[in-house]
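Colleague: I'm new to reading protein models, and I'd like to go through one with you. Could you give me the general idea of each feature and then the case here?

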Amino acid sequence: MKLIKKESIPVSITNKPGAGKFLLALGLAGAMGAPVAIAGVTTKQIENDQASTGDVLHYGMGPRAQRFSPLTKINKKTVAKLVPAWAFSLGGEKQRGQESQPLVYDGKIFITGSYSRMWAVDEKTGAEIWQYDHRLPDGIMPCCDVVNRGAALYGDLVLFATLDAKIVALSQETGKVVWSQKVGDYKAGYSATAAPLIVKGMVVTGISGGEFGAVGKVEARDAKTGKLIWSRPTVEGHMGYLNGKENGISGTLNATWPGETWKYGGAATWLGGTYDPDVNLIFFGTGNPAPWNWHTRPGDNLFSASTVAINPETGKIVWHYQSTPNEAWDFDGVNELVPFDMKKNGKTIKAAAKADRNGFFYVLNRENGNLISANPFVSKVTWASGIDLKTGRPIETDNRPRNPADSDDGMKGEHVFAAPSFLGGKNWMPMAYSQSSKMFYVPSNEWGMDIWNEPITYKKGAAYMGAGFTISPLYDDHIGVLRAIDPTTGKIKWEHENPAPLWGGVLATAGNLVFTGNPEGYLMALDDSTGEVLWQFQTGSGIVSSPVTWESGGEQYVAVLSGWGGAVPLWGGDVAKYVKHLNQGGSLWVFKLSK
Ligand code: CA
Ligand code: CA
């Protein structure tokens, strides 16, 4: 056996795929004097994910979720030569919406699929390494298709959330279950679809179920073992926990929820969160207060339709910003808060941006939650004329659905027309922030709705809404609009219209490209300064997932899942004519430049 000099041993794990194996080989050779424990994916690597171009370790291309890559080989000049390297079919009869973002590590691509499935695929060949099918019970209640948005990596594990409200950790090598933990009661309407967040060795997750009166919460578990570390409810009045002990209720009981209304108060944390190591805060958005009928719950209803910032060590809410107080239109405030450093008037502000379902693009100070600016990012917002920058509160326009108690039979309140629709100016689909152009690229939709309120009482496992609606497009020729937004001014630099609603994520690169897919099936690359489509490829089914990019063996790759579905075809109303011809599918596409 050849001896390796100590000086030649790498002291830090590189970000190149296979680095863990290299250390293993060194350890077995005894070169370091003692066996080297295999760390696998570390906290340091995850926090550095955006800069490390040889892998994609985390949802959002890093825990800040800027969805930006410094890679430049694929750029405005070369993108015309982008061709498929291979495609992988998800197979089976379970062809529903594929919203997963791929992860790339150690020669493997990890993807999740509809009905709580996961695969490891060979990065070079597209051959399947293993498949995991989660055994789902009868009676799960996902509101908006049986989707999953992606996995998380930590150590030698790959973790994901399932439709029966569990977190499951698998071996990256074999796909075998290492641990599994229940995070909610699926019989009460809890489910889970978001990609987990990894913070300092903890797996941090939220919960879905706001349409069933599920109470939102953020929970942190030891990523290696699944052991619960802390739990923080996002409805005022509920008790938090830390290391098995009570850790104070969230907010103040009955301060913003009268009587018993807080008990089934919604505020589901269904889209997961982001983390900024710089200020050491976890950011989670929260969904609608339950039920939708706002007449039943006078008050601001904290912490619904908000962003909450949580300290990862204490499990306590450090600050919150509520975008829609006493929310009345299903404007879930779950949209991702994306930390970025904003240069303005010669100063650098620790900022963060959020394109809210309510139609406003907010820029906050991420250290304290103070509002910096808020501007509409869709063409029509009816419910508020603006946001008061002094108080941070919306300036409402008397656009709330009327009280059913005031109707003749007490069963249906007078409707109003409101825009955006309940599906939002932006829904789940993640935006990107470019370090090169300093712009946000926001997938948005132009639609409105008639909405009315009805009486409702809570019943476990039943829809808890008390509202009805009819959704309709605002324009004849398009619903989707990808927009480039300058966060320093809130101004829109360019727009790209799309006939069907946009429902997929965005990727920005230092090659001055913006990648996104559409329900019509095209993965597109746009010029980040003009919005011109420079390249597109038909993937065979609609794209409602988030593209990623990385490099391997000197080549830059782009990957995306194709598979039409998600909430739009289920709730579509008059929107149906834009999407009824779209075919379902399920495949992973990987692209590279032709020689
Ligand atoms: Ca990386
Ligand atoms: Ca909702």
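**A buried aspartate and its surroundings**

Modeller: Let's start with Asp332, which counts as buried at 2% relative accessibility. Buried means under 20% relative accessible area, exposed means over 50%, and partly exposed is in between, using a 1.4 Å probe and protein chains only. Before we go on: this is a predicted model, where local features need pLDDT of at least 70 and side-chain atom pairs count only at pLDDT 80 or more, while totals for chains, interfaces and linings use all residues. Residues are numbered from 1 along each chain as its sequence is written, chains are lettered from A and ligands numbered from 1 in the order in which they are written, and side-chain values use heavy atoms, with hydrogens and water left out.

Colleague: Which protein donors does the calcium ion (ligand 2) have?

Modeller: Donors are N, O and S atoms within 2.8 Å of the metal (3.2 Å for Na, K and Ca), and sites may look incomplete because water is not among the atoms. Here they are Glu211 (OE), Asn288 (OD1), Asp330 (OD), Asp332 (OD) and Asp332 (OD), at 2.3 to 2.7 Å from the ion. Along the chain, the donors of this calcium ion follow the spacing E-x76-N-x41-D-x1-D. Asn288 and Asp332 link distant parts of the chain, 44 residues apart: Asn288 is in the loop between strand 18 and strand 19, and Asp332 in the loop between strand 20 (317–322) and strand 21 (338–344). Helices (H or I, at least four residues) and strands (E, at least two) are DSSP runs, numbered from the N terminus.

Colleague: Is Asn288 buried or exposed?

Modeller: Asn288 is buried, with a relative accessible area of 1%.

Colleague: Which residues is Asp356 in contact with, leaving aside its neighbours within four places in sequence?

Modeller: Contact means heavy atoms within 4.5 Å. With those neighbours left out, the contacts of Asp356 include Asp332, Phe331, Gly333, Tyr362 and Lys426. Asp356 sits in the loop between strand 22 (347–355) and strand 23 (360–365), and it is buried, at 0% relative accessible area.

Colleague: Where are the cis peptide bonds I should look at?

Modeller: For these, check omega. A cis bond joins Ala290 and Pro291, with omega about -5°, and Pro291 is in the loop between strand 18 (281–285) and strand 19 (306–310). The bond from Ala419 to Pro420 is also cis, with omega near 0°; Pro420 belongs to the loop between strand 27 (416–418) and strand 28 (432–433).

Colleague: And what about phi? What value does Tyr115 have?

Modeller: Tyr115 has a positive phi of about 60°, although it is not a glycine. Its place is in the loop between strand 4 (108–113) and strand 5 (117–122), and it is partly exposed, with a relative accessible area of 25%. Asn254 has a positive phi too, near 65°. Asn254 lies in the loop between strand 16 (245–249) and strand 17 (273–276) and is partly exposed at 38%.

Colleague: Let's zoom out. How many helices and strands are in the protein chain?

Modeller: There are four helices and 40 strands. Of the 595 residues of the chain, 61% count as buried. Along its principal axes, the C-alpha trace spans about 90 × 55 × 55 Å. Among contacts between residues at least 6 apart in sequence, 60% join residues at least 24 apart.
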